Amino acid sequence: MAAMTEATVQQSATTTREQIWLNREQVRKEKPVYRALKRVQDVFFSLLALIVLSPLLLIVALAIVIDDPRGSPIFTQVRSGLDGKEFRIHKFRSMCVDAEAKLADLKRSTEMNGPIFKQKDDPRITRVGRFIRKCGIDELPQLWDILVGSMSIVGPRPERPEIAAQYCEEMPEFSLRLQAKAGLTGYAQVYGKYNTTPYDKLTMDLMYIAHPSIVEDFKIMF
């Protein structure tokens, strides 16, 4: 996908916002059926994945404990979900136990002032953590969040409440992103994984929300 300018993305996001508004009654009529089918899909595939992947999940948990026995192999964090409601997301712990405490020092040392901190060689990441992040295995405990209904398999990735609040301030259309249940993966992750800005990903998420489809969910999922 070609890179888009901020102005183009904002225009596209505005168009998407109008589409969401104009199709609101139609989406509302279709939503109960779509949501029911989506929930059945989420329960079936998350439960199946948890059963099939249970040996792998156990091995990863043990590897994390052996590599860094000071904390739990599961890391939880508050995120903003559907309609901005907060929930706890679960991940395999890929960082040292005191990673959050070290964040402020790292931001100062890298002169990073934005809402999201990313560093290629983040010293807080453990040896096992680097491997499971590279393979995406660290996200697998979210299958439980999907099973209990906090998340969906497909949907916009959830942000921390303070980050979501800052994005809503900088990009008002971001609030529309909270109209969908947070997902393990989404349109932006599949089609805009590389070389995309937050504006690009926002537009992709809004396009997904504007046109809910079980068929599209299957395409993204597989």
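What share of the 222 residues of the protein chain count as buried? The share is 41%, and with that figure in hand we can walk through this structure, which is a predicted model.

Let's start with the overall layout. The protein chain is built with 11 helices and four strands. If you look at contacts between residues with a separation of 6 or more, 73% of them join residues 24 or more positions apart. On the outside, the accessible surface of the protein chain comes to about 12,900 Å², and carbon and sulfur atoms account for 60% of that area.

Now step inside. The largest nonpolar core has 34 residues, and F92 and I132 are the ones with the most contacts inside it. Helix α10, spanning residues 198–210, gives the most to this core, with five residues.

F92 is a good place to pause and select some neighbours in your viewer. Leaving aside residues up to four places away in sequence, F92 touches L57, V60, A61 and I64, along with P73 and I74. Its partners further along the chain include I132, I137, D138 and P141. I132, then, is both a contact of F92 and a fellow leader in contacts inside the core.

For another setting, move to C168, which lies in helix α7, residues 161–170. Is C168 buried, exposed or partly exposed? C168 counts as partly exposed because its relative accessibility is 26%, and the partly exposed class runs between the 20% and 50% cut-offs. Again not counting residues up to four places away in sequence, C168 touches F174 and S175.

Conventions
Residues are numbered from 1 along each chain as its sequence is written. This is a predicted model: local features need pLDDT of at least 70, side-chain atom pairs count only at pLDDT 80 or more; totals for chains, interfaces and linings use all residues. Side-chain values use heavy atoms; hydrogens and water are left out. Helices (H or I, at least four residues) and strands (E, at least two) are DSSP runs, numbered from the N terminus. Buried means under 20% relative accessible area, exposed over 50%, partly exposed in between (1.4 Å probe, protein chains only). Contact means heavy atoms within 4.5 Å. Accessible areas come from the Shrake-Rupley method with a 1.4 Å probe; for residues, only the protein chains shown count as cover. A nonpolar core is a set of buried Ala, Val, Leu, Ile, Met, Phe, Trp, Tyr and Cys residues joined through side-chain atoms within 4.5 Å.
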